[in-house]
Amino acid sequence: MIESSIFKMIIDAREAYYNSGHPIMSDQEYDSLIEMVKASEPDHPILSKIGHTPSSMWKKASHNMPMGSLEKVNTEEEFRKWASKYPSQRFILEYKLDGLSVSLDYKDGQLVRGVTRGDGLEGEDITPNVLRMRDVVKTISGFSGSIRAEIVLSKHEFNRINMSLPEKDRYSNTRNAAAGICRRLDGLYCDYLYVIAHDLMGPHDEDRKIVILRDWGFMTACSKESWVGDIETIIKGYNETKAIRKSLPMDIDGMVVKVVSRDVQEKAGFTAKKPKAQTAWKFDAPSCASTLQKTTWELGRTGVLTPVGHIDPVTIDGSVIRKVTLHNIAEIKRLGIGIGDLVVVAKMNDVIPKILSVIEHRNNPIDIPTLCPICSTELINDDIRLMCPNDFCVAKEYNRILHWIKSMVIDQFGEALLDVLYESGKVRHIKDLYALKDLDISSLEGWGEQSAGTIIGNIQKSLETTETRVLAALGIPTISDRTAEELIKVFGSIKDLMGVSRDQIASLKGFSDISADKIILGLTKYGPELIELVQLIKKPLQQSSNGILFGKSFCFTGAMEHPRPYYQGLVTENGGKNLSSVTKDLNYLVCNEDKGSTKSQKAAKYGIKIINEKEFLGMIGSMVQELIVAPEPEKGPQFELPSLFQ
Ligand SMILES: [Zn+2]
């Protein structure tokens, strides 16, 4: 059951939003409350009311035809599901302009009435103001009927108006400004507003409607025929627009997709005034409101405690969500979040769900622990994160082993088995796994000889691996599969990696000073363990032993055409070895400058061959040609993005 205060909140939000022009919550907060009601009381009358009940300033007017809003989809998956109901149909893609909907009614060629959407059946007659707006077509020869349009304010005009207002009266966004201005009794600023048409009430196909509206002189919410296409074209257009939407002159909060064929639309029918064959594909991440019940703290393998929020279960994008990440204490402070708060939960890019904002505070702050929940050591609180400084903290080491087991994909080795082995002291470090004997497992309750043998076999099998996998599986902060691959690619091996400096790592593409510090710290701390594990592996680094550079070592210094990792990658690919400094073992120093640098002096002293970039590339011959030729630009149908003001 939904608390009655929620309904009041929705009504207050609508009132503030439409009637004062000064909203009390964000669109996403409002939408998430609606989602919450939909999920538990889908027939609640509050859902059938869209828009607002007009305030009394303007005369009320009934619409000739109800003005519905569109059903929404939030994700590509939802969009595809919707679109799949209309196989082999063409669709039209339009901007979902962030403004105020209006119905323009014409009689015998004259614009006689402009009525806001209101609650869909009845709105406000703001005709005098509409007549002042830009791009309103006041006469259409011989036309009687209705045109649906959006009243919008450009970002540019929004700023100009806001700058002229005292701070307390400023509008919070373009849509609220448009809604506020178009309903001013004095008509002030109405000439700043644009009217952009998006529908013509009539029997035409959608693409035809756009042509007619444009012929009549309207700006439209889509302006080129290339905006009509199949599902894939529409998805491409959606993604492209989403990427550049910040640079558009108008605010948009999504795209509208309609089946082009009017016949198909008619056949599809309507749900509660909403045409089924039209949908609004929003840009916001799917979200729903919920209540924070409690928080727990999970200790990760790096010793950082992560707060986890437990919420009343909600369904977002088809999956039930009970837990959300609160990231860290800085995030808790930023949100000002407490137990019992009404919150917006969203799934961002399909990662772990998070809390976007708090709609209502209940002033019951979250307890921040001071002691490690596992080892009771006093935690370090740097105002951003909580950390257990105890290197021997049970959970930390345990989690590192578990991380290893998962990363190395040791089949059938689950948490339950690790629990027992850890408790008994048989496995306290990663390397202990490789000292396990059949008997260590078969003697455990519930394990037979055969299954023990399988597990031991799987553990041993995990040693047939590469140094990259070992490095990634060790659980050093910031070293992921990708970074491990890059580090091994550039520096050659784990042994070589041990000798590199922080600056050498920080200079690589995709690495920062901070991540370099963490990597060096991790390598120092776990280095001996890492070396021990590397010695265990059966298949050494997959370095091409028949490469053209096999047995040769290289060190690069000074400015070059491409970033250094590029050349180091070429060395590895061709079976050679990268050295970070000039030692006696070095075969070639690659250097473009004259022999002035410390490295070249040192190389000269050792009698090491100094070559330039060109000579190096020459050593690998034709392969280079292939690599340095830029790929041809992709060819294919161009999907043009129309300007709104053509
Ligand atoms: Zn601890």
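This report describes the fold, cores, sheets and selected helices of one protein model.

**Overview**

The model is predicted. Its average pLDDT is 83, and 90% of the residues score at least 70. Over residues 622-646, pLDDT stays under 50, and the model has 21 contacts beyond four places in sequence for that stretch. The secondary structure comes to 24 helices and 25 strands. Of the 646 residues in the protein, 35% are buried. Among contacts between residues at least 6 apart in sequence, 66% join residues at least 24 apart.

**Nonpolar cores**

In soluble globular proteins, nonpolar side chains tend to be buried together. The largest nonpolar core of this protein has 55 residues, and those with the most contacts inside it are I151, V152, A178, C182, L193 and I196. Several elements each supply at least two residues of this core, among them strand 7 (145-152), helix 7 (174-182) and strand 8 (194-200). Strand 3, strand 4 (100-107), helix 8 (206-215) and strand 11 do likewise. A second, separate core of 44 residues includes W404, M408, I430 and L508.

Within the largest core, L193 is one of the residues with the most contacts. Leaving aside neighbours within four places in sequence, L193 is in contact with M133, R134, I151, V152, L153, A178, I181 and C182.

**Sheets and strand pairs**

Strands of a sheet pair through backbone hydrogen bonds, either parallel or antiparallel. One open sheet has five strands in the order 2-14-11-3-10, with mixed pairing. Strand 2 (72-73) and strand 10 (228-229) stand at its edges with a single partner strand each, so one side of each has no neighbour in the sheet. In this sheet order, strand 11 is followed by strand 3, and these two strands run antiparallel. Strand 15 also takes part in antiparallel pairing, with strand 18 and with strand 16. The table lists these pairs with one facing residue pair for each.

| Strand pair | Bridges | Facing residues |
|---|---|---|
| Strand 3 (residues 91-97) and strand 11 (residues 252-259) | seven bridges | Y95 and M255 |
| Strand 15 and strand 18 (residues 342-346) | five bridges | S287 and A346 |
| Strand 15 and strand 16 (residues 304-316) | seven bridges | W297 and P307 |

**Helix 12**

Helix 12 covers residues 394-407 and has 14 residues. At 1.5 Å a residue it should span 20 Å, and its end C-alpha atoms are 20 Å apart, which agrees. Its buried residues are A395, K396, Y398, R400, I401, W404 and I405. These buried residues pack against strand 15 (287-299), helix 13 (415-423) and helix 16 (467-473). Of the residues named here, W404 also belongs to the second core. Helix 12 is followed by V409, whose phi is positive, near 50 degrees.

**A484 in helix 17**

Helix 17 (residues 481-491) contains A484. Is A484 buried or exposed? A484 has 23 C-beta neighbours inside 10 Å, and 20 or more are needed for a residue to count as buried, so A484 is buried. Not counting residues up to four places away in sequence, A484 touches T468, L471, A472 and I479. A473 lies 11 residues from A484 in sequence, and their C-alpha atoms are 9.2 Å apart in space.

How values were computed. Residues numbered from 1 in each chain as written. Predicted model: local features only at pLDDT ≥ 70, side-chain atom pairs only at ≥ 80, totals over all residues. Helix = DSSP H or I, 4+ residues; strand = E, 2+ residues; numbered from the N terminus. Expected span 1.5 Å × (residues − 1). Buried ≥ 20, exposed ≤ 12 C-beta atoms within 10 Å, placed from the backbone. Contact = placed C-beta atoms within 7 Å. Pairing = 2+ DSSP bridges. Core = buried A, V, L, I, M, F, W, Y, C linked by C-beta atoms within 7 Å. pLDDT = per-residue confidence, 0-100.
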